[in-house]
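Work through these exercises with the model open beside you. Try each task before reading its solution.

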Amino acid sequence: MSSINYSEKIPNNVNLSEDRTLQRALEQWQPNFLSWWGDMGPEGSNNFDVYLRTAVSVDADGWAQFGHVKMPDYRWGVFLNPKEEGRQVNFGEHKGEAAWQDVPGEHRANLRRIIVTQGDTEPASVEQQRHLGLTCPSQYDLRNLFQVNVEEGRHLWAMVYLLHKYFGRDGREEADALLQRNSGDADNPRILQAFNEPTPDWLSFYMFTYFTDRDGKFQLCALAESGFDPLARTTKFMLTEEAHHMFVGESGVSRVIARTCQVMNELKTDDVTKIRAAGVIDLPTIQRYLNFHFSVTIDLFGADESSNAAIFYNSGLKGRYEETKRGDDHRLQGQTYKVLAVQGGQLVEREVPMLNALNEVLRDDYIKDSISGVNRWNKVIEKAGLPFRLQAPHKAFNRKIGTLAGANVTPDGRVVSAAEWASHEKAWLPTVEDRAFVASLMGRVVEPGKFANWIAPPVMGINRQPVDFDYVRFN
Ligand SMILES: [Fe+2]
Ligand SMILES: [Fe+2]
């Protein structure tokens, strides 16, 4: 069960060869996926041999194999965590029933919607990142970008497998549509707005993998609790890959900060003009990028009050983060939760039924988790002996979804007039000039062991390889 059959066209641990219809359907989808990868995947990378990890089992010890692979030959496969005997639906009105091995008819439409929404984000991020390879700060970083990209491709496979296996014809149509929508496409965009924003530079990429891939982690954690067992098992395995994406983000931002602090100390200045003239990214600009990515990403959790969230939970389809570790009744009827609203020019807390506030519950768990990394970034600045501190903005800042959409709230949580907001926006969110400056630093560095001027080298290489290892062979 746990080892992967690589002689098959589609590596898998789900006994695909025993289900000929499904196997044929996926083998028909595969060339479409590859042609999508060719058109929308990492630009100009088809001939590179990249030091990638490939999933070869789902065992905790050693599920990955490392080696140089041509990316279009990467073995995108279907891997589910092993089945837990006797697993139950652990929350909602079906709590205590045996977990579903098939789609319950009454929940079919909602389940399909959940899977399609998750599936849509996976190829979207590959599309958002497709030009970044042209301006990589090092071979090491280029390899990490490609690793993230192939694994997002595999996550798409994970969702497409569920659609094909459990949803018949409309599942197959949804799987096709996942390759037809495109990030930022005016006519046929990706479902969630953050996945239509461009990722134009590497600071954006690190912020995206830190903040937005972490949204992925929380969504996957909530789906890993699902009463629909195949979804729980597939998302559990996706989470092992997701951890690396967030590492790329956290360490990436950390290295940008380290390099900036080094230059600030060398020049003994915090003058933005001088820091920029030295070719590194000033800390206030990093703060504005942080504000942007944080606020755009927390919108992904959806409206603070949502009847869909209540339905998904009640039906046992989508749980809370660490659902089974919580000590409550896992039904939540009659319980309340506090959400924010603007009233009389102030932010106020309102108690609402917890079931309707489950998006907010997940958002708050996410915020806690993401702030811990911001604190680790601050340690880098502190260690350099500099007084500047980064801060996650208030959760009401720059929101476009839910009750707070359009409210004028500063990063420190004050409600202000539209005019005041407009006059300060440049201090809070990346400006056209900021983005142009960051873009001006982006140049391609590919000599092994060399790094762009604006970023510090990593502490160690990938899979215990040296930092100057040839992670990408260009041929
Ligand atoms: Fe993913
Ligand atoms: Fe990811």
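A residue is buried if 20 or more other C-beta atoms lie within 10 Å of its own, exposed if 12 or fewer, and partly exposed in between. Keep in mind that this model is predicted.

**Exercise 1. A helix and its surroundings**

Task: Find helix α3 (residues 139-166), compare its expected span with the distance between its ends, and decide how enclosed α3 is.

Solution:
- Start with the length. Helix α3 has 28 residues, and at 1.5 Å a residue they should span 40 Å.
- Now check the ends. The end C-alpha atoms of α3 are 41 Å apart, which agrees with the expected span.
- Next, apply the burial cut-off. In α3, 28 of the 28 residues are buried, so the helix is largely enclosed by the rest of the structure.
- Finally, look just past the helix. Gly 168 follows α3 and has a positive phi, near 55 degrees.

**Exercise 2. Two helix pairs**

Two packed helices are described by the angle between their axes and the distance between the axes.

Task: Describe how α5 (residues 202-223) packs with α8 (residues 283-298).

Solution:
- Take the distance and angle. The axes of α5 and α8 come within 9 Å and cross at roughly 30 degrees.
- Classify the angle. Angles under 35 degrees count as roughly parallel. Helices α5 and α8 are therefore roughly parallel to each other.
- Add the handedness. The crossing of α5 past α8 is right-handed.
- List the partners. From α5 come Leu 203, Ser 204, Met 207, Phe 208, Phe 211, Thr 212 and Asp 215; from α8 come Tyr 289, Leu 290, His 293, Phe 294 and Thr 297.
- Sort them by class. This contact of α5 with α8 has seven nonpolar, four polar and one charged residues.

Task: Do the same for α1 (residues 20-40) and α4 (residues 168-180).

Solution:
- The axes of α1 and α4 are 10 Å apart, at an angle of about 10 degrees.
- Helices α1 and α4 are therefore roughly parallel to each other.
- On the α1 side, Ala 25, Trp 29, Asn 32, Phe 33 and Trp 36 take part; they meet Arg 172, Ala 175 and Leu 179 in α4.
- The classes in the contact of α1 with α4 are six nonpolar, one polar and one charged.

**Exercise 3. Two residues placed**

Task: Is Arg 53 buried or partly exposed, and which residues does Arg 53 contact beyond its sequence neighbours?

Solution:
- Locate Arg 53 in strand β1 (residues 49-55).
- Count its neighbours. Arg 53 has 18 other C-beta atoms within 10 Å, so it is partly exposed.
- Skip neighbours within four places in sequence. Arg 53 then contacts Ala 64, Gln 65, Phe 66 and Gln 147.
- Look further along the chain. Glu 241 is 188 residues away from Arg 53, yet their C-alpha atoms are separated by 9.8 Å.

Task: Place Leu 441 in the same way.

Solution:
- Leu 441 sits in helix α12.
- Leu 441 has 19 C-beta neighbours inside 10 Å, so it counts as partly exposed.
- Beyond four places in sequence, Leu 441 contacts Gly 279 and Trp 454.
- Leu 441 and Asn 359 are 82 residues apart in sequence, and their C-alpha atoms are 38 Å apart.

**Exercise 4. Positive phi outside glycine**

Task: What is phi near at Glu 322, and where does Glu 322 lie?

Solution:
- Phi of Glu 322 is positive, near 55 degrees, and the residue is not glycine.
- Glu 322 lies in the loop between α9 (307-314) and β3 (336-343).
- With 12 C-beta neighbours inside 10 Å, Glu 322 counts as exposed.

Conventions: Residues numbered from 1 in each chain as written. Chains lettered and ligands numbered in written order. Predicted model: local features only at pLDDT ≥ 70, side-chain atom pairs only at ≥ 80, totals over all residues. Axes fitted to C-alpha atoms, helices over the stretch in contact; angles between N-to-C directions. Helix = DSSP H or I, 4+ residues; strand = E, 2+ residues; numbered from the N terminus. Parallel < 35°, antiparallel > 145°, perpendicular 65-115°, else oblique. Left-handed = near helix turned anticlockwise from the far one by under 90°. Contact = placed C-beta atoms within 7 Å. Nonpolar A, V, L, I, M, F, W, Y, C, P; charged D, E, K, R; others polar. Expected span 1.5 Å × (residues − 1).
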